[in-house]
Amino acid sequence: GGIDFIAVDNSTFRVNEAQVAFVRAILEEGRPSVLLYHIPLSLPTLREDAIAAVGHNLMADPDWHPAHEWWDPQANAAFVELLCRAPNLVATFCGHIHIPHADTLSPTAIQYVGPPGFEDYGRMVEFRPW
């Protein structure tokens with residue numbers, strides 16, 4: 001229906017340069033896009049609830065990151081900046097922290113966080129032409 005759905009594995013709290021390039025290339029094609037990933041991006045209005053629920057378990061959180069040699073803060077920062085500036089990104093969907101939340105990611109996109117499916121939670125989403 002004219003929407004690109006993009007999936008990115010960030011289950012290790014990071015993305016790499018190849019993933020950023022992959023998402024950038026699709027977004028640059030200009031079609032409305034939806035991004036799917038596991039760990040939510042740290043946003044000011046989500047951060048407090050997420051920390052209360054599960055601790056510092058958000059991607060690109062300014063005060064936390066895992067201490068691993070493969071940690072690439074530059075790629076994470078590029079990923080966040082790309083998503084926040086993409087005029088054709090309309091939504092992102094993620095989970096990981098097991099709380100429902102919807103948050104403005106950019107002027108055109110909302111980050112939707114959902115609790116786990118085993119709690120019989122669902123979210124109805126309708127995409128309409130621009």
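User: Happy to dig into this fold with you! Across which strands does helix H2 lie, and at what angle does H2 run to E4?

Analyst: Glad to help, and keep in mind that this is a predicted model. Helix H2 spans residues 44-54. H2 lies across E4 and E5, and its direction relative to E4 is about 150°.

User: Thanks! In what order do the strands of the sheet come?

Analyst: The sheet is open, with 5 strands and mixed pairing. Its edge strands, each pairing on one side only, are E1 and E4, the latter covering 101-104. Neighbouring strands are turned by 20° against each other on average, direction ignored. Reading across the sheet, the order is E1-E2-E3-E5-E4.

User: How do E1 and E2 pair, and which helix does the chain pass through between E1 and E2?

Analyst: E1 and E2 (residues 33-36) are parallel, with 4 bridges between them. Within this pair, Asp-4 stands opposite Ser-33 of E2. The chain leaves E1 and reaches E2 by a right-handed β-α-β crossover, and the helix on that path is H1 (residues 17-27).

User: Nice. Which residue is the bridge partner of Ser-33 in E3?

Analyst: Ser-33 also has a partner in E3. E2 and E3 pair in the parallel sense, again over 4 bridges. The E3 residue bridged to Ser-33 is Leu-89.

User: And on to E5: which residue there stands opposite Ala-91?

Analyst: E3 covers residues 89-94 and E5 covers residues 110-113. These two strands run parallel and are joined by 4 bridges. Opposite Ala-91, in E5, stands Ile-110.

User: Back to Asp-4: with which residue does Asp-4 form a salt bridge?

Analyst: Side chains of opposite charge can pair when their charged atoms come close. The structure holds 5 salt bridges, and in the one formed by Asp-4 the N to O distance is 2.9 Å. Asp-4 sits in strand E1, while its partner lies 27 residues away in the loop between H1 and E2. That partner is Arg-31.

User: What does Phe-93 touch beyond its neighbours in sequence, and how far is its C-alpha atom from that of Glu-17?

Analyst: Phe-93 is part of strand E3. Leaving aside residues up to four places away in sequence, Phe-93 touches Val-34, Leu-35, Leu-36, Tyr-37, Tyr-112, Arg-123, Val-125 and Phe-127. Glu-17 is 76 residues from Phe-93 along the chain, and the separation of their C-alpha atoms is 21 Å.

User: One last thing! Which residues form the nonpolar surface patch with Phe-5, and what is the accessible area of the patch?

Analyst: Phe-5 belongs to strand E1, residues 4-7. Its companions in the patch are Leu-36 and Phe-127, both of which are also touched by Phe-93. Together, the patch residues have an accessible area of about 270 Å².

Methods:
Residues numbered from 1 in each chain as written. Predicted model: local features only at pLDDT ≥ 70, side-chain atom pairs only at ≥ 80, totals over all residues. Heavy atoms only, no water. Patch = residues over 30% accessible without salt bridge, like charges linked within 9 Å, V, L, I, M, F, W, Y side chains within 5 Å. Areas by Shrake-Rupley, 256 points an atom, 1.4 Å probe, with all protein chains shown as cover. Salt bridge = Lys/Arg side-chain N within 4 Å of Asp/Glu carboxyl O. Pairing = 2+ DSSP bridges. Axes fitted to C-alpha atoms, helices over the stretch in contact; angles between N-to-C directions. Contact = heavy atoms within 4.5 Å. Right-handed = clockwise from strand over helix to strand, strands pointing away.
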